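Welcome, and thanks for taking a look at this one. Please have the sequence and the 3D view open side by side while you read.

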Amino acid sequence: MQTVFVVLPLLLLRVISGKAANDAGARIVGGSPVDISTVPYLINLRIGGTFICGGSLVTSSHVVTAAHCVKGISATRFEVVGGATLLTDAGVRRSVAKVFTPKAYNTQTLHSDVAVLKLKSPLEGRNIATINLCNSNWKAGELIKVSGWGQVTEGSKAVSQHVRSVDVALISRQNCINQYKFRGTISNTMFCASIPGVKDSCDGDSGGPAVYQGQLCGIVSWGIGCARRNSPGVYTSVKTVKSFIDKAITL
């Protein structure tokens with residue numbers, strides 16, 4: 001497998017191969033269509049009107065997404081859309097004033113794959129709500145809900161036009177490390193979840209929320225393929241990057 005190079009617009013949708021580096025972009029397979037009212041914190045992120053990634057509204061003026069969705073791109077190019085079930089829905093739109101990514105973010109390993117977007121004006125309206133950052137602990141086997149407009153099968157040429165959600169099982173850290181041995185680095189800012197061969201996030205879900213007990217506990221980050229056995233989805237653990245998020249919100 002080849003090294004993943006983050007080059008616009010290739011970073012906008014995940015590359016499904018990668019070995020020397022983790023697989024940038026990511027990944028809903030095996031889920032169900034839902035109305036945005038059930039996931040009112042979910043936003044879609046766009047450049048020039050084109051959908052690129054998901055994100056989560058954590059205050060009325062701040063969105064949490066993945067760093068690989070936004071790194072190296074001017075804030076003025078982004079638009080955030082809330083309250084939209086379909087990608088064709090107008091929703092409520094806001095421009096982005098600033099983009100914050102952590103110094104620890106690594107474009108090759110995707111360590112600390114998190115970003116905070118400060119909006120030019122508050123994102124408020126019908127079917128729009130904020131979500132709290134994670135302060136929960138979980139154990140392997142418990143379920144976490146992932147939502148987004150990503151591809152419904154690996155290799156599909158288009159993202160889903162309708163938002164979908166899927167519940168995937170959390171995997172122990174050691175199991176996650178073992179499954180990605182020689183194929184990618186599972187750093188201390190990451191965790192894994194999937195139902196192998198059945199349910200997973202997929203291309204286009206990058207930056208979107210993984211929600212546990214009503215809190216934002218994960219950010220869709222990377223993986224090899226979608227819903228492959230022995231290749232679970234990899235998420236940024238919000239608890240490990242919470243200090244960065246909290247600080248960015250105050251700037």
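Here is a short tour of the nonpolar cores, the aromatic pairs and one strand with its neighbours.

Keep in mind that this is a predicted model. A good place to begin is the largest nonpolar core, which has 58 residues. From there, the aromatic pairs lead on to strand 13, whose 8 residues are buried.

**Nonpolar cores**

- Within the largest core, the residues that touch the most other members are Leu-45, Val-80, Ile-144 and Ile-245.
- Leaving out residues up to four places away in sequence, the contacts of Ile-144 include Val-166, Val-168, Leu-170, Phe-191 and Tyr-212.
- Another core, of 12 residues, lies apart from the largest one; among its members are Ile-186, Trp-222, Ile-224 and Val-234.
- As background, nonpolar side chains tend to be buried together in soluble globular proteins.

**Aromatic pairs**

- The whole structure holds 5 aromatic pairs.
- In one of them, Phe-51 and Trp-149 meet edge-to-face, with 5.9 Å from centre to centre and 65° between the planes.
- This pair links distant parts of the chain, 98 residues apart: Phe-51 belongs to strand 3 (residues 50-59), while Trp-149 sits in the loop between strand 9 (143-148) and strand 10 (164-171).
- Phe-51 counts as buried because its relative accessibility is 11%, and Trp-149 counts as buried at 1%.
- Trp-138 and Tyr-212 are also edge-to-face, because their planes stand at 70° with the ring centres 5.8 Å apart.
- Trp-138 is in the loop between strand 8 (132-133) and strand 9, and Tyr-212 is in strand 12 (residues 209-212), so their pair ties together parts 74 residues apart in sequence.
- Are these two rings buried or exposed? Trp-138 is partly exposed at 26% relative accessibility, whereas Tyr-212 is buried at 5%.
- Trp-138 and Tyr-212 also belong to a cluster linked by ring pairs, together with Phe-191 and Tyr-235.

**Strand 13 and its neighbours**

- Strand 13 (residues 215-222) is largely enclosed by the rest of the structure, because 8 of its 8 residues are buried.
- Strand 8 runs parallel to strand 13, joined by 2 bridges, and Leu-133 stands opposite Leu-216 of strand 13.
- Strand 12 runs antiparallel to strand 13 over 4 bridges, with Pro-209 opposite Ile-219.
- The hairpin of strand 12 and strand 13 has 2 residues between the strands, and there Gln-213 takes a positive phi near 50°.
- Strand 14 (residues 233-237) pairs with strand 13 in the antiparallel sense, over 4 bridges; Ser-237 in strand 14 is the bridge partner of Gly-218.

Methods: Residues are numbered from 1 along each chain as its sequence is written. This is a predicted model: local features need pLDDT of at least 70, side-chain atom pairs count only at pLDDT 80 or more; totals for chains, interfaces and linings use all residues. Side-chain values use heavy atoms; hydrogens and water are left out. A nonpolar core is a set of buried Ala, Val, Leu, Ile, Met, Phe, Trp, Tyr and Cys residues joined through side-chain atoms within 4.5 Å. Buried means under 20% relative accessible area, exposed over 50%, partly exposed in between (1.4 Å probe, protein chains only). Contact means heavy atoms within 4.5 Å. Rings of Phe, Tyr and Trp (its six-membered ring) pair if their centres lie within 6.5 Å; planes under 30 degrees apart count as stacked, over 60 as edge-to-face and the rest as tilted. Two strands pair if DSSP finds at least two bridges between them.
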